[in-house]
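Welcome! Please take a look at the sequence and the 3D structure shown here before reading on.

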Amino acid sequence: MFGVRLSWKDLPEPVHVFVAEALGSPVVSARSQPAGFSPGSADRVVTGTGRRAFVKAVSTAQNPDTPALHRREAVVLTDLADVAAVPHLLAVHDDGEWVALVVEDVEGRHPRLPWTRDDLVRTLDTLSDLATVRAPASWPALEQELEGEFSCWRRIADDPPPGLDPWVAGRLRELDDLARRTLPRLAGEAVTHTDLRADNLLVDAHGGVRVVDWPWASRGAPWFDAASLLVNVRWSGELDVRPHLSRLAELGAGETDVVGVLAGLGGFLLDASRRPTKAGLPTLRAFQASQAEATVRLLRELQG
């Protein structure tokens, strides 16, 4: 389940010209990448000289908020220019309406869905390395960024959605308390991506993992990304995540921390899934609903 994208041919001529100048030759082929939810373009391009790059572009016409996310990602990629797991930013176009990022083209595949043990181990290896990178002090603090998201169970309790899972309905106060108590534990100085899913990861030919799509990066606990990734693992299939919890413990996460993150994300996803559809993102709410269901299943497994 992915979003609805623009293609390279849909972009205006000034963006085409900028990319050609940035890469030293006009683009002769472009292959759209379907993964993700941005309403803008996401293309692997090749120029007449054979140079390759990844180009993503969007304007306010597709969604009023997405250009700001591209601008934010450009800052993050610049800050992480020396981090091996992060693709290099090559150029940025911003004319006030259209924002385009030209990024290193990473040869690789997304982790297989359903997630496999090998892909999860590879990804946790990369996240362990990223957890040692200190985020710039200018980045937003994760515990502040997620304050609203980790407070959604109260709204659900005040206005329960139809067909609310009985297991959830009987634990609304407990889930709210768990999420809120976990929020201060998200504080830290590590680089956190905060939006990890298979479509934001690429496994290269050597088995290494690169992390892409960085507009939500924050400064926080070194274990948060690994804990939040478990939602995507459970959403995609039935791989048992419990043997991998020791990796999160190595990063400093206690069992209550992991369950607390799942509680916070579960409340946010469930509440967000019933909001009005956002411009340019027609499939987002259904995806959030399916992720919320997966998060509840994982909570039940870990809490018994």
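Below is a short tour of one strand with its partners, followed by a look at a cavity.

## A strand with both faces covered

Please keep in mind that this is a predicted model. A good place to begin is strand β5, which covers residues 98-103. Six of its six residues are buried, so β5 is largely enclosed by the rest of the structure; buried here means under 20% relative accessible area.

You can follow this on each side of the strand. W98, A100 and V102 are buried on one face of β5, and V99, L101 and V103 are buried on the other.

## The partners of β5

Strand β3, residues 52-59, pairs with β5 in the antiparallel sense, over six bridges. To find this pairing, look for S59, whose bridge partner in β5 is W98.

Strand β4, residues 89-94, also runs antiparallel to β5, and five bridges join the two. Here L89 has V103 of β5 as its bridge partner. β4 and β5 form a hairpin with three residues between the strands, and in this hairpin G96 takes a positive phi near 95°.

## A cavity to find

How many cavities of 30 Å³ or more does a search of the whole structure find? The search finds one. The largest cavity has a volume of about 40 Å³.

Its lining is made up of L127, L130, A131, V191, T192, A221, P222 and D225. Helix α3 (117-130) and strand β6 (190-192) are the elements that give two or more residues to this lining. By class, the lining has six nonpolar residues, one polar and one charged.

Key
Residues are numbered from 1 along each chain as its sequence is written. This is a predicted model: local features need pLDDT of at least 70, side-chain atom pairs count only at pLDDT 80 or more; totals for chains, interfaces and linings use all residues. Side-chain values use heavy atoms; hydrogens and water are left out. Buried means under 20% relative accessible area, exposed over 50%, partly exposed in between (1.4 Å probe, protein chains only). Helices (H or I, at least four residues) and strands (E, at least two) are DSSP runs, numbered from the N terminus. Two strands pair if DSSP finds at least two bridges between them. On a 1 Å grid over the protein atoms alone, a cavity is a set of points where a 1.4 Å probe fits but cannot get out, and a pocket is an open set with protein on both sides within 12 Å along at least five of seven lines; lining residues have an atom within 4 Å of a point. Grid points are joined across faces, edges and corners, and a volume is the space filled by probe spheres set on the points. Ala, Val, Leu, Ile, Met, Phe, Trp, Tyr, Cys and Pro count as nonpolar, Asp, Glu, Lys and Arg as charged, and the others, Gly among them, as polar.
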